[in-house]
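User: Could you walk me through this protein chain with me asking and you answering? I would like the reasoning as well as the result.

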Amino acid sequence: MASLPFIFFLSFFIISTTLMSAGAAAATIKLSLSPFPHPSSSHPYQILNNLVTSSVARAHHLKHPKAKADNTTSSLLRAPLFSHSYGGYTISLKFGTPPQTLPFVMDTGSSLSWFPCTSRYLCSQCAFPNVDPAKIPTFAPKLSSSSKLVGCRNPKCSWLFGPDVESRCQDCEPTSENCTQTCPPYIIQYGLGSTAGLLLVENLAFPQKTFQDFLVGCSILSNRQPAGIAGFGRSAESIPSQLGLKKFSYCLVSRRFDDTGVSSNMLLETGSGSGDAKTPGLSYTPFYRNQVASNPVFKEFYYVTLRKILVGDKHVKVPYSYLVPGSDGNGGTIVDSGSTFTFMERPVFEVVSKEFEKQMGNYRRVREIENRSGLAPCFNTSGYTSIEIPELSFQFKGGAKMALPLVNYFSFDGDDKVVCLMIVSDNVVGQGSHSGPAIILGSFQQQNYYIEFDIANNRFGWAERSCA
């Protein structure tokens, strides 16, 4: 990756040569979510191995990040949500005046939204299946009359760089009356991928409403990022914070590592009220704020309190320090749409996987497939007219239980008669230390669930649904 000075020079040159309030009524926004594709020529085990590696790298990043009223009229904003074989789900958003439509990976584990920016956008290692790096859609600031670079003294600059950011802006000393220096360039890491660019304020347009002066990243250089990111985390720069969302929800369509074009709606509910009515049919558990986090970035994650993990009727004994964040902020469970497979730290994964091995002892382990796919344990089921796999359930604070459908935690390959547990850990592709969230609930395990992030009432809701 290029050095910071080069990024700043390139970004400033490109953008500065092309660049020169929303109403208070409540609203709901609909977006469509979709998944990304692998070519038919790719071997399924290589695809799985890539997604396992990506999920574990994402987990390492999330675990070791670099710091940085009653009823009112509400409205829903809707956007289509599409799944992709590279592991993400995308929504389409419209930025600029006139609006330019671009795809964004929906990510509840980060907060800054950014788009590939200008005709000179460069993305290395972005040759994903069905993704041509030379044809990644980009935003053109010069075609938008509302694009503005963020200055050093703009309070939104401090959202990313902290309150002392002006000390990094030499032309913005307190005695400087007319400061024109821009906010410093950003560099963001996403596990295996990264991006860098400059901050803009832009119009974010929905059919029902336009949000002015929305903080967004104009990325010039990226690595392993096939689309921009729509940040739905808990920090000030996130979409929920900037739009003042009461809640947002989605239903992830089932995917088997291909791009089907089938989508579902993502709903964003705006409004100033905090009515506490629950959505009928949903189970809920409270969100947990990790205020004593050893890393301030942990505060943007959506923590939930997981009380028990059950394999069949067996309550597996997970060390308490992994279920609840300790005084150092390490441990606990987060919900992350940006992770493909659910991640468990090794002590948690071992007790879960060993219980599956015990209850499925009549099936032979297939080490070769485990080595090729990066998943474990895998079992050979050939010769059986029917197979018995114990149920995997998560029980949360308050007693609510999420009993996963079989297809959400075991994958079956019809050619080899092999089933594999679709949960990953450090002991599959490396070893890590106890830091950050111990369990990360990924998007594969959220398939065909209606998922609700009720921000106004600080709770996480779910119900099993057919999402297509």
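What follows is a set of questions and answers on the fold, the surface, the disulfides and the salt bridges.

User: Before we start, what kind of model is this, and from what number are residues counted along each chain?

Analyst: Happy to set that out: this is a predicted model, in which local features need pLDDT of at least 70 and side-chain atom pairs count only at pLDDT 80 or more, while totals for chains, interfaces and linings use all residues. Side-chain values use heavy atoms, with hydrogens and water left out, and residues along each chain, as its sequence is written, are numbered from 1.

User: How many helices and strands are there in the protein chain?

Analyst: Helices (H or I, at least four residues) and strands (E, at least two) are taken as DSSP runs and numbered from the N terminus. On that basis the protein chain has 7 helices and 29 strands.

User: What share of the residues of the protein chain counts as buried?

Analyst: Here buried means under 20% relative accessible area, exposed means over 50%, and partly exposed lies in between (1.4 Å probe, protein chains only). The accessible surface of the chain, by the Shrake-Rupley method with a 1.4 Å probe, comes to about 19,100 Å², with 51% of it belonging to carbon and sulfur atoms. Of the 468 residues, the share that counts as buried is 59%.

User: Which residues make the nonpolar surface patch of about 270 Å²?

Analyst: Patch residues have over 30% relative accessible area and no salt bridge; like charges are joined within 9 Å and nonpolar side chains (Val, Leu, Ile, Met, Phe, Trp, Tyr) within 5 Å. One member sits in the loop between strand 21 (378-380) and strand 22 (392-396), namely Tyr 384, and it is partly exposed because its relative accessibility is 37%. The patch of about 270 Å² is made by Tyr 384, Ile 387 and Phe 412.

User: Which residues form the covered face of strand 2?

Analyst: In a regular strand, side chains alternate between the two faces of the sheet. The uncovered face of strand 2 (residues 75-83) holds Leu 76, Arg 78, Pro 80 and Phe 82. Its covered face is formed by Ser 75, Leu 77, Ala 79, Leu 81 and Ser 83.

User: What is the bridge partner of Leu 81 in strand 3?

Analyst: Two strands pair if DSSP finds at least two bridges between them. Strand 2 pairs in the antiparallel sense with strand 13 (residues 263-270) over 6 bridges, where Ser 75 stands opposite Thr 270. Strand 2 also pairs in the antiparallel sense with strand 3 (residues 89-95), over 3 bridges. There, the partner of Leu 81 is Ile 91.

User: How many residues apart are Cys 117 and Cys 218?

Analyst: A disulfide is a pair of cysteine sulfur atoms within 2.5 Å, and a search of the whole structure finds 5 of them. One joins Cys 117 to Cys 218, S to S 1.9 Å, and this link is left-handed, with -90° about the S-S bond. The pair links distant parts of the chain, with Cys 117 in the loop between strand 5 (114-116) and strand 6 (122-124) and Cys 218 in strand 10 (residues 210-223); they are 101 residues apart.

User: Why is the disulfide of Cys 157 and Cys 183 assigned its handedness?

Analyst: The disulfide joining Cys 157 to Cys 183 has an S to S distance of 2.0 Å. Cys 157 is buried, with a relative accessible area of 0%, and Cys 183 is buried as well, at 1%. The torsion about the S-S bond is about 85°, so this disulfide is right-handed.

User: What does the salt bridge of Lys 148 and Asp 213 tie together?

Analyst: A salt bridge is a side-chain nitrogen of Lys or Arg within 4 Å of a carboxyl oxygen of Asp or Glu. The closest N and O atoms of Lys 148 and Asp 213 are 3.4 Å apart. Lys 148 lies in strand 7 (residues 148-149) and Asp 213 in strand 10, so the pair ties together parts that are 65 residues apart in sequence.

User: Is Glu 368, the partner of Arg 372, buried or exposed?

Analyst: The salt bridge of Arg 372 and Glu 368 has its closest N and O atoms 3.7 Å apart. Both residues lie in helix 7 (residues 367-373), 4 residues apart, about one turn of the helix. With a relative accessible area of 54%, Glu 368 is exposed.

User: Which residues are linked in a network of salt bridges?

Analyst: One salt bridge to look at is that of Arg 365 with Glu 370, whose closest N and O atoms are 2.6 Å apart. Glu 370 counts as buried because its relative accessibility is 9%. The network links Glu 357, Arg 365, Arg 367 and Glu 370.
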